[in-house]
Amino acid sequence: MAAGLLRERGAGVVAGEPAGAAAGECRRALAGVPVVRGGGNALPVAEASCDLVTYAQSWQSVDRLRAVRP
């Protein structure tokens, strides 16, 4: 998982997952990494609280007009 690779490099990571079953799998695979339920169009994090937001295997489910500011 991309979140695990980032954590191994020293990044502070919060994983986001919209599906309940997949969120549970993410919690098992990434012990110690907070997992929040949410997708790319509605992340449950405060504005300006992250230095970087990145997607892995999920861009196809994002409303691109909302996700990318011109």
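Buried means under 20% relative accessible area, exposed over 50%, and partly exposed anything in between. The exercises below apply these classes to a predicted model.

**Exercise 1. Classify R64 by its accessibility and locate it in the fold.**

Solution.
1. R64 is a residue of helix α3.
2. Its relative accessible area is 42%, a value that makes R64 partly exposed.
3. For a view across the chain, take G40, which is 24 residues away from R64 in sequence; the two C-alpha atoms are 9.4 Å apart.

**Exercise 2. Describe the order of the secondary structure elements and the overall dimensions of the chain.**

Solution.
1. Count the elements: the chain has 3 helices and 2 strands.
2. Read from the N terminus, they follow the order α-β-α-β-α.
3. The radius of gyration is 12 Å, close to the 11 Å given by the globule rule for 70 residues, so the chain is as compact as a globular protein of that length.
4. The C-alpha trace spans about 35 × 25 × 20 Å along its principal axes.
5. Of the 70 residues, 17% count as buried.
6. Take the contacts between residues at least 6 apart in sequence: 20% of these join residues at least 24 apart.

**Exercise 3. Determine which residues of helix α2 are buried and how they are arranged about its axis.**

Solution.
1. Helix α2 covers residues 20–29, and its buried residues are A23, G24 and C26.
2. Viewed down the axis of α2, the buried residues fall within an arc of 160°, so they line one face of the helix.
3. On the other side of α2, A21 and R28 are exposed.
4. The partners of the buried residues are the two strands: they pack against β1 (15–17) and β2 (35–37).

**Exercise 4. Find the salt bridge in the structure and relate it to the helix geometry.**

Solution.
1. Searching the whole structure gives 1 salt bridge.
2. It joins E25 and R28, whose closest N and O atoms are 3.3 Å apart. The cut-off for such a pair is 4 Å.
3. Both residues belong to helix α2 and are 3 residues apart, about one turn of the helix.
4. The helix repeat matters here: an α-helix has 3.6 residues a turn, so residues three or four places apart point the same way.
5. Now compare each accessibility with the classes. E25 has a relative accessible area of 40% and counts as partly exposed, while R28, at 60%, is exposed.

**Exercise 5. Decide why C26 and C50 do not form a disulfide.**

Solution.
1. The structure holds 0 disulfides. A disulfide requires two cysteine sulfur atoms within 2.5 Å.
2. The closest cysteine sulfur to that of C26 is in C50, at 15 Å, which is too far for a bond.
3. Starting from C50 leads back to C26 as the closest cysteine, again at 15 Å and too far for a bond.
4. The accessibilities can be added: C26 is buried, at 8%, whereas C50 is partly exposed, at 39%.

**Exercise 6. List the residues of the largest nonpolar core and the contacts of C26.**

Solution.
1. The largest nonpolar core has 8 residues: A3, V13, A15, A23, C26, L30, V33 and V35.
2. Leaving out residues up to four places away in sequence, C26 touches M1, A15 and V35.
3. Compare the two lists: A15 and V35, which C26 touches, are also among the core residues.

**Exercise 7. Characterise the surroundings of L6.**

Solution.
1. L6 is part of helix α1, residues 2–8.
2. A relative accessible area of 34% makes L6 partly exposed.
3. With neighbours within four places in sequence set aside, L6 is in contact with A11, V13 and T54. One of these, V13, belongs to the largest nonpolar core.
4. As a distance check, the C-alpha atoms of L6 and G39 are 19 Å apart, with their positions 33 residues apart along the chain.

**Exercise 8. State what is notable about phi of A48 and where the residue lies.**

Solution.
1. Phi of A48 is near 65°, which is a positive value in a residue other than glycine.
2. A48 is located in the loop between β2 and α3 (64–67).
3. Its relative accessible area is 78%, and A48 is exposed.

Key: Residues numbered from 1 in each chain as written. Predicted model: local features only at pLDDT ≥ 70, side-chain atom pairs only at ≥ 80, totals over all residues. Heavy atoms only, no water. Buried < 20%, exposed > 50% of the residue type's maximum accessible area, 1.4 Å probe, protein only. Helix = DSSP H or I, 4+ residues; strand = E, 2+ residues; numbered from the N terminus. Arc of directions from axis to C-beta. Contact = heavy atoms within 4.5 Å. Core = buried A, V, L, I, M, F, W, Y, C linked by side-chain atoms within 4.5 Å. Salt bridge = Lys/Arg side-chain N within 4 Å of Asp/Glu carboxyl O. Rg over C-alpha atoms; globule rule 2.2 N^0.38 Å.
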